[in-house]
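Biologist: Could you walk me through how the parts of this model touch one another? I'd like to know what lies behind each label.

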Amino acid sequence: MKKEKENILIEVNGLKKYFPIKKGIFQQTVGQIKAVDNINFKIKFGETLGLVGESGCGKSTAGKSILRLIEPTEGNIKYNINKSLQLDQKFSKIDITKLTSKDLRKLRQEIQYIFQDPYSSFNPRKNVESILSEPFIIHGFIHNNDLKTKIHNLLSDVGLKPDHLKRFPHEFSGGQRQRIGIARAIALKPSFIVADEPVSSLDVSIQSQIINLFKTLQDKYQLTYLFISHDLSVIKYISDTVAVMYLGKIVEMANNENLFSNPRHPYTESLMSAIPVPNPKHNDDQILLKGDVPSPSNPPTGCYFHPRCKYAKEICKNEYPPLQIYDNNHHVFCHFSSSLQLRPLL
Amino acid sequence: MKDSLLKLLIKGFLKRKISLVGLVIFLFFIFCGIFGSYLTPYDPYKTKFSNRYELPNNKNLFGTDWAGRDVLSRVLVGAGITLKISILALCIGSVIGGILGIIIGFMKNSLLKMLIIQINDILLTFPFLVLAILISALLGSSLNNAIIAIGISRIPRYVRIFSLVVNSEKNKNYVISAISIGASNMRILFYHILPNILPIFLVNTVLFFALTIIAEATLSFIGIGAQPPLPSWGLMIRQASENMLVYPFGVIPPSIAILLVVLSANLMSDGLREFMDPKLR
Amino acid sequence: MYNLIDISSLHVDFHLEESIVPAINGIDLAVKREKILGIVGESGCGKSVLALSIMGLIPSPGKITNGKILFNHNNSEIDLTKIDSNSQLMRNIRGNKISMIFQEPMTSLNPVFNIGDQIIETIRLHQKVNYSVSKQRTLKILNEVGFPDPATRIFDYPHQLSGGMLQRVMIAMALVCKPLLLIADEPTTALDVTIQAQVLKLMNEIKLRFKTTIIFITHDLGVIAKMADEVAIMYVGKIVEHAPVNEIFSNPKHPYTIGLLQSMPTLNRQRNKPLSTIKGNVPNPGEIKSGCNFYPRCPKVMSRCKKEEPLLLNSSKNQKVSCFLYN
């Protein structure tokens with residue numbers, strides 16, 4: 001048990017992010033959008049946790065909250081520091097939510113974020129060289145005079161060339177821009193990266209290049225990833241553990257093999273069956289959900305999924321399902337997870 | 001980085017040739033403003049009542065006014081006055097307004113911020129000229145007070161523009177991205193946001209420049225700006241208009257001077273368009 | 001069973017300030033009646049421009065510089081490239097005989113009009129019927145596209161509806177005049193995958209019920225496998241392969257098609273092996289000055305490929321490919 005605890009890089013407990021809905025002249029709070037509603041998970045060193053869900057499920061908000069790019073409403077995020085960051089806080093195990101802003105900035109050498117849209121994440125007036133030098137400049141790593149070498153190494157790590165340095169982001173293709181974003185994120189050799197839909201805006205043939213790059217860098221630099229995507233097939237390829245989100249909550253979490261061969265939540269089942277299979281002869285027996293994803297400002301009672309769930313019974317309308325844990329740390333929130341025989345990914 | 005901003009500026013002007021015309025006129029105006037008083041053929045204040053209301057001739061290229069003074073000399077010195085007024089008013093209005101706007105825009109959302117913005121919006125409901133006249137009347141009629149009044153009247157507009165612009169830039173992905181690599185607030189403001197709002201500042205200041213001249217002319221025209229015998233263009237128009245029936249030509253030289261300078265400002269702002277958003281093509 | 005649309009030697013150029021971009025660089029394509037033709041390609045391949053060419057909606061500075069688009073119906077053949085895009089004739093065709101649905105339903109509908117009025121407008125533009133008949137038809141079509149509760153929601157505004165519902169409204173609007181051809185440009189790309197499944201099922205039903213011919217444009221090979229009868233693969237303004245859907249998946253010929261199929265994560269089940277990729281980047285239209293557009297990225301490139309352009313030729317009964325490996 002103890003050995004496992006040492007192994008954990010980041011532990012998220014009870015994370016919530018609520019956005020107030022304000023109306024009226026005096027901007028009174030009339031309701032809450034529960035974008036992230038009590039999520040819990042742990043990620044081990046060197047592992048990739050895939051966070052998957054459709055639009056509005058809160059996965060991007062969760063990713064930003066973990067890095068405090070958005071301030072969480074509640075919850076704690078325990079993190080094991082690897083570098084000597086010279087924080088005011090002396091311990092190596094810290095709670096990210098409790099750091100001062102000065103310490104948080106220093107911690108950002110270790111925890112990084114990669115955006116979905118690599119174009120808007122760059123200052124349009126700065127060229128690649130400025131973009132890549134910035135992490136070094138901010139954290140004071142310029143006195144060694146080998147900044148040029150470091151930047152050249154970054155470029156070759158991500159498959160870019162030195163003559164790209166003087167160019168500006170808008171002169172590159174989507175895939176190349178994402179490479180620049182990745183290069184900036186790994187500049188200071190971080191330990192933990194939150195990648196928020198990093199390949200969703202790229203062409204299919206480029207997606208696989210970038211996914212391969214993520215894997216290569218992970219092996220090379222022992223990176224730990226929280227990989228957020230709506231694309232289940234990308235998640236299936238890259239994740240060690242998968243967490244499925246719906247309306248701000250994690251409904252199922254398991255290791256890769258278990259989730260896909262033995263799903264225990266009806267939403268996971270329908271998500272898997274909805275992926276169009278690139279095989280025209282595939283027998284098409286999709287599970288089609290009724291209706292739309294409900295609004296996060298007005299979630300259904302009981303289990304949030306019950307209005308669209310074909311297995312729903314009375315209890316599902318009234319009570320939110322308790323956590324059930326199966327073999328190999330397979331977490332599910334469903335009243336009938338033990339009795340349902342759900343269809344795996346074929 | 002500064003090099004590329006300059007290059008963009010030049011490129012923009014070359015692309016829109018008409019803005020070059022504006023630039024030339026503007027530079028000529030500055031030249032006259034600085035050196036005008038040394039180039040006057042006659043003393044602009046010397047009256048010669050035997051020589052009143054002369055039309056343009058060999059001796060007085062722009063004619064003489066109601067007191068026999070050489071109009072060309074007065075226009076040249078007037079350029080200097082106009083230049084002084086516009087620079088000072090610009091400093092007061094755009095610099096103070098800009099700094100205030102940037103600070104407010106960068107503030108976190110709070111009741112205080114909302115309050116300040118509301119007060120500013122109330123001030124904005126006053127038309128610029130009305131506000132200038134009001135403040136000028138409160139301070140007393142003089143050229144310097146007119147300058148202060150014009151400068152202050154422009155502050156609400158700058159505060160509004162920059163608070164909005166900085167607020168929106170602050171929420172953009174590239175700023176969040178800078179935060180995510182550990183940039184401090186100072187760095188975000190000066191290294192990231194400021195260069196992106198510099199073009200807006202420049203365009204607004206050029207347009208403000210044009211407004212300043214018109215405002216000064218208006219204030220002088222109604223008597224609460226420059227006081228005689230200063231050859232401010234606005235005052236010259238006022239004095240000439242009083243004598244329109246006898247000497248209709250009198251209003252023309254100062255009016256054309258104002259027209260040309262204001263035109264040059266508007267033409268130049270066109271050339272700045274390229275500068276504004278070149279990278280997002 | 002003749003072709004509804006016959007495109008031959010189509011060229012579309014965009015005249016920019018500093019250059020001319022050949023968005024479509026010579027396309028021959030036949031669209032069979034009552035079938036779904038899938039057009040697959042990545043960004044910059046010209047698939048959207050192709051759709052807009054048929055509709056006469058190419059934005060300036062784009063222009064059709066060569067070729068024909070023959071529209072066969074009513075026993076007559078019209079060349080759509082020769083009709084002025086603002087003419088009465090073209091407007092009679094748009095929305096009526098040929099309709100289009102777009103990728104972003106949020107921005108394709110007018111936000112200040114309710115959805116009922118927008119569909120009614122479409123009906124009244126093309127058919128001489130009064131308001132109440134139009135309203136009846138609108139309710140009927142909304143029902144047919146699975147729009148929930150049309151009677152109460154017919155006058156909702158676009159911002160009150162979700163993506164999936166908006167897309168249904170768009171489909172309703174496109175079908176209400178029973179067009180012969182429906183062009184769908186990435187209709188489900190912006191939708192969640194569970195909603196996408198619903199919309200695709202709907203489109204298949206429409207093909208059967210209304211006997212509409214559909215051109216389905218997407219970059220998603222999974223969606224194509226589900227929807228298309230025939231598939232044309234586009235790359236930088238040209239068609240590189242055209243075959244029945246079964247052939248494309250079981251026997252792809254062009255190295256680009258093969259590369260696309262292999263780089264999809266779903267098919268690569270083994271987590272410990274890197275994904276197959278197509279090296280390099282998609283070139284800009286006009287960037288490759290001679291030879292085959294794909295040669296810099298092609299794993300099977302030969303010296304001939306750098307100098308000559310391959311033509312789209314039959315390699316077997318129904319399969320066309322433009323590659324020197326086969327010709």
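## Two domains and two chains

Modeller: Happy to, but keep in mind that this is a predicted model. Let's begin inside chain B and then turn to chains C and A.

Biologist: How many salt bridges are counted between domain 1 of chain B and domain 2 of chain B?

Modeller: Zero. What we do find there is three residue pairs in polar contact.

Biologist: Which residues make up those two domains of chain B?

Modeller: Domain 1 takes in 1-36 + 228-281, and domain 2 is 85-225. On the domain 1 side 20 residues join the contact, and on the domain 2 side 18 residues do. Going by C-alpha atoms, the two centres lie 21 Å apart.

Biologist: What makes up the area buried between these domains of chain B?

Modeller: It comes to about 1600 Å², with carbon and sulfur atoms giving 84% of that. Helices H1 (2-15), H2 (17-39), H9 (233-242) and H10 (252-276) of chain B each bring two or more residues to the domain 1 side. The most come from H10(B), which brings nine residues. Sorted by class, that side has 14 nonpolar, five polar and one charged residues.

Biologist: Now to chains C and A. Why is the pair A:Asp240 and C:Arg271 called a salt bridge?

Modeller: Let's check it against the cut-off. The closest N and O atoms of A:Asp240 and C:Arg271 are 3.4 Å apart. The limit is 4 Å between a side-chain nitrogen of Lys or Arg and a carboxyl oxygen of Asp or Glu, so this Arg and Asp pair qualifies. The count between chain C and chain A is one salt bridge.

Biologist: How many residue pairs are in polar contact between chain C and chain A?

Modeller: The count is 18, with both residues of a pair at pLDDT 80 or more. To get into that count, a pair needs N or O atoms within 3.5 Å, one able to donate a hydrogen and the other to accept it.

Biologist: Which helix gives the largest share of the chain C side that touches chain A?

Modeller: That's H8(C), with seven residues. By class, the chain C side has 17 nonpolar, 17 polar and nine charged residues.

Biologist: And how many residues are in contact across these two chains, and how much area do they bury?

Modeller: From chain C there are 43 residues, in contact with 41 residues of chain A. Together the two chains bury about 3400 Å², and 54% of that is on carbon and sulfur atoms.

How values were computed. Residues are numbered from 1 along each chain as its sequence is written. Chains are lettered from A and ligands numbered from 1 in the order in which they are written. This is a predicted model: local features need pLDDT of at least 70, side-chain atom pairs count only at pLDDT 80 or more; totals for chains, interfaces and linings use all residues. Side-chain values use heavy atoms; hydrogens and water are left out. Domain bounds come from an automatic or database domain assignment. Contact means heavy atoms within 4.5 Å. Buried area is the accessible area (1.4 Å probe) that two parts lose on being put together, summed over both. A polar contact is a pair of N or O atoms within 3.5 Å; within protein, one must be able to donate a hydrogen and the other to accept it, and residues adjacent in sequence count only if both atoms are side-chain atoms. Helices (H or I, at least four residues) and strands (E, at least two) are DSSP runs, numbered from the N terminus. Ala, Val, Leu, Ile, Met, Phe, Trp, Tyr, Cys and Pro count as nonpolar, Asp, Glu, Lys and Arg as charged, and the others, Gly among them, as polar.
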